[in-house]
Amino acid sequence: MRIYVMILALVAIGFTSCNDGANQDLAKQQEELTKENDSIISMHEQLASRQQTLKTAHNQVSQELRGMEKLEDSTQLEKLTEVEGLLRDQDAKLASHEEMIKSHNELGQNFGELSTDEKKTQISDMQETHDRIMSEQKEIDSEQDNIEEQHKSIKDKAMKTSEEDSEAEM
């Protein structure tokens, strides 16, 4: 009988130690996700700051274009409208990212209290969310570069038109 009790005790210890290994692995994955989250937050702040700069620049370009007495090329206004749409889309994505980041932080606070299966599910969900945010952040960064180029193009075209009008008046 003692042998059976000893065997059961060893089996129980074995299962417990295996579970600790799984928990340690999950804790390590969660720690990596936290570091990744910090990087995502940093990138989010950079994109949000750049977004505000672009919106200010967009307003200036809009005012300059509307202030021109004679605007023969309406394609510049169309480009400006397209840029405005991109800025709105980016605002929505950035707001969505902010909510996901806040949600992620709330989930991470009670991670230690979850069961192993719940931890696995949460880590999987977090990784999926991180992948989505990072992909969208790359997209936003590229779009912001495009917006800067569009603003420069519109300004250059407006300056060229303005200079041509000045020369024609002389």
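## A walk along helix 3

Start by selecting aspartate 131: at 41% relative accessibility, this residue counts as partly exposed. You'll find aspartate 131 in helix 3, which covers residues 116-169. Keep in mind as you click around that this is a predicted model. Now add isoleucine 40 to the selection. Its C-alpha atom is 9.9 Å from that of aspartate 131, although the two residues are 91 apart along the chain.

**Zoom out for a moment**

Show the whole chain as a cartoon. You should count 3 helices and 0 strands, so to speak an α-α-α run when read from the N terminus. The chain has 170 residues, and 25% of them are buried. Turn on a surface and you're looking at about 11600 Å² exposed, with carbon and sulfur atoms supplying 51% of it. As for contacts between residues with a separation of 6 or more, 86% come from residues 24 or more positions apart.

**Next stop: arginine 132**

Go back to helix 3 and pick arginine 132 together with glutamate 136. These two form a salt bridge, with their closest N and O atoms 3.3 Å apart. Both sit in helix 3, 4 residues apart, which is about one turn of the helix. Which of the two is buried? Glutamate 136 is, at 16% relative accessibility, while arginine 132 counts as partly exposed at 43%.

**Across to helix 1: arginine 50**

Side chains of opposite charge can pair when their charged atoms come close. By the rule used here, the count of salt bridges comes to 9. For a good place to look at some of them, select arginine 50, aspartate 141, aspartate 145 and glutamate 148, which are linked in a salt-bridge network.

Take aspartate 141 and arginine 50 to begin with: their salt bridge has its closest N and O atoms 2.8 Å apart. Aspartate 141 belongs to helix 3 and arginine 50 to helix 1 (residues 2-67), so this pair ties together parts that are 91 residues apart in sequence. Colour by accessibility and arginine 50 shows up as buried, with a relative accessible area of 18%, whereas aspartate 141 counts as partly exposed at 27%.

Now swap aspartate 141 for glutamate 148. Arginine 50 meets glutamate 148 in a salt bridge too, at 3.0 Å from N to O. Arginine 50 is in helix 1 and glutamate 148 in helix 3, so here the parts tied together are 98 residues apart in sequence. Glutamate 148 itself is partly exposed, with a relative accessible area of 40%.

**Last stop: glutamate 143**

Stay on helix 3 and select glutamate 143. What is the nearest side chain of opposite charge to glutamate 143? That would be lysine 93, 4.1 Å away. A salt bridge needs the nitrogen and the carboxyl oxygen within 4 Å, and glutamate 143 has none, even though this residue is buried.

Look for glutamine 90 while you're there: its side chain makes a polar contact with the side chain of glutamate 143, at 3.1 Å. To finish, show everything glutamate 143 touches, leaving out residues up to four places away in sequence: you should get Leu86, Gln90 and Lys93.

Technical notes:
Residues numbered from 1 in each chain as written. Predicted model: local features only at pLDDT ≥ 70, side-chain atom pairs only at ≥ 80, totals over all residues. Heavy atoms only, no water. Helix = DSSP H or I, 4+ residues; strand = E, 2+ residues; numbered from the N terminus. Buried < 20%, exposed > 50% of the residue type's maximum accessible area, 1.4 Å probe, protein only. Lys, Arg positive; Asp, Glu negative; His and termini not counted. Polar contact = N/O pair within 3.5 Å; in protein donor to acceptor, adjacent residues only side chain to side chain. Contact = heavy atoms within 4.5 Å. Areas by Shrake-Rupley, 256 points an atom, 1.4 Å probe, with all protein chains shown as cover.
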